[in-house]
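Biologist: I should like to go through this model and ask, for each label, what justifies it. Please show the structure before we begin.

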Amino acid sequence: MPIVLAVSDLVAVRPGLIFWTLVTFVLVALLLRRVAWGPILKVVDEREKTIAASIESAKRERAEAERLLAEQKEAIQKARAEAADMMRRNAEDVEKLRNDLVSKARAEAEKQKHDALREIEAERSRAVNDVKKVAADLAIQITEKLLNKQLDEKTQKDLANQYLAEVSRSAASAPRPEPKV
């Protein structure tokens, strides 16, 4: 079977059609160049300039942002260093204050202890003097009684016991000074 190719009008070469197509294309190209290409190229150029300016502005802003970020990081680092220094100084001040307070408290305690010991010694001296005075009075009273009458041994013991009981009662009824601490 023989194959028949259909010849189409679209594939046929016609020199007149080619000529007029080229003339039309050149006229449309000239018309577009005069009417459309100028404004289109102008808009494209303006757009290109705007984009270039935007890119340049973005570069400047990025550089500025990086500079500000570096400054901010430096300021934060400086603030941290200052805060650490302040914390160290505050700790030293607190330690110094604590040592001062401990020293003052020890000095005050030592002073109070010294005052209390001095007061105890004074009270002891008064008590010893009171005992000596009572003992002297008792000795005088015993001597008076002995001189007034001759006592036998039993009477002497009874008399001594009686005076000791009186001394105990007088010591119990006498107001005692309260120790001051």
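Biologist: In which helix is Val134 found?

Modeller: This is a predicted model. Val134 lies in helix 1, which covers residues 15-148. The chain has two helices and zero strands.

Biologist: Is Val134 buried, exposed or partly exposed, and what makes it so?

Modeller: Its relative accessible area is 35%. Buried would require under 20% and exposed over 50%, so Val134 is classed as partly exposed. In space, Val134 and Val167 are 7.7 Å apart, C-alpha to C-alpha, although 33 residues separate them in sequence.

Biologist: What share of the chain is buried?

Modeller: Buried residues account for 3% of the 181 residues. The accessible surface of the chain is about 16,800 Å², and carbon and sulfur atoms hold 63% of that surface.

Biologist: Why is the contact between Phe19 and Trp20 called an aromatic pair, and what makes it edge-to-face?

Modeller: The count of aromatic pairs comes to one. In that pair, Phe19 and Trp20 have ring centres 5.1 Å apart and planes at 70°. The distance falls within the 6.5 Å limit and the angle is over 60 degrees, so the pair is edge-to-face.

Biologist: How do you know which of Phe19 and Trp20 counts as exposed?

Modeller: Trp20 has a relative accessible area of 56%, and exposed means over 50%, so Trp20 is exposed. Phe19 has 48%, a value between the limits of 20% and 50%; Phe19 is therefore partly exposed.

Biologist: Why is the contact of Arg67 with Glu64 called a salt bridge?

Modeller: The side chains of Arg67 and Glu64 meet at 2.3 Å, N to O. The cut-off is 4 Å, so this contact qualifies as a salt bridge. Side chains of opposite charge can pair when their charged atoms come close. Arg67 also forms a salt bridge with Glu71, again with the closest N and O atoms 2.3 Å apart.

Biologist: What makes both Glu64 and Glu71 partners for Arg67 along helix 1?

Modeller: Glu64 is three residues from Arg67 in helix 1, a separation of about one helical turn. Glu71 is four residues from Arg67 in helix 1, also about one helical turn. Relative accessible areas are 38% for Arg67, 35% for Glu64 and 39% for Glu71. Each value lies between 20% and 50%, so these residues are partly exposed.

Biologist: How do you know that Asp115 and Arg118 form a salt bridge?

Modeller: Their side chains are 3.1 Å apart, N to O, which is within the 4 Å cut-off. Asp115 and Arg118 are three residues apart in helix 1, or about one helical turn. Asp115 is partly exposed, because its relative accessible area of 25% is not under the 20% limit for a buried residue. Elsewhere, Asp85, Arg88, Arg89 and Glu92 are joined into one network by salt bridges that share partners. The structure holds 11 salt bridges.

Biologist: Which residues make the nonpolar surface patch of about 540 Å², and what makes Val28 eligible for it?

Modeller: The patch is made by Val28, Leu32, Trp37, Ile40, Leu41 and Val44. Val28 is found in helix 1. Its relative accessible area is 42%, and a patch residue needs over 30%, so Val28 meets that requirement. By the usual limits, Val28 counts as partly exposed.

Terms used
Residues are numbered from 1 along each chain as its sequence is written. This is a predicted model: local features need pLDDT of at least 70, side-chain atom pairs count only at pLDDT 80 or more; totals for chains, interfaces and linings use all residues. Side-chain values use heavy atoms; hydrogens and water are left out. Rings of Phe, Tyr and Trp (its six-membered ring) pair if their centres lie within 6.5 Å; planes under 30 degrees apart count as stacked, over 60 as edge-to-face and the rest as tilted. Buried means under 20% relative accessible area, exposed over 50%, partly exposed in between (1.4 Å probe, protein chains only). Patches are made of residues with over 30% relative accessible area and no salt bridge: like charges are joined within 9 Å, nonpolar side chains (Val, Leu, Ile, Met, Phe, Trp, Tyr) within 5 Å. Accessible areas come from the Shrake-Rupley method with a 1.4 Å probe; for residues, only the protein chains shown count as cover.
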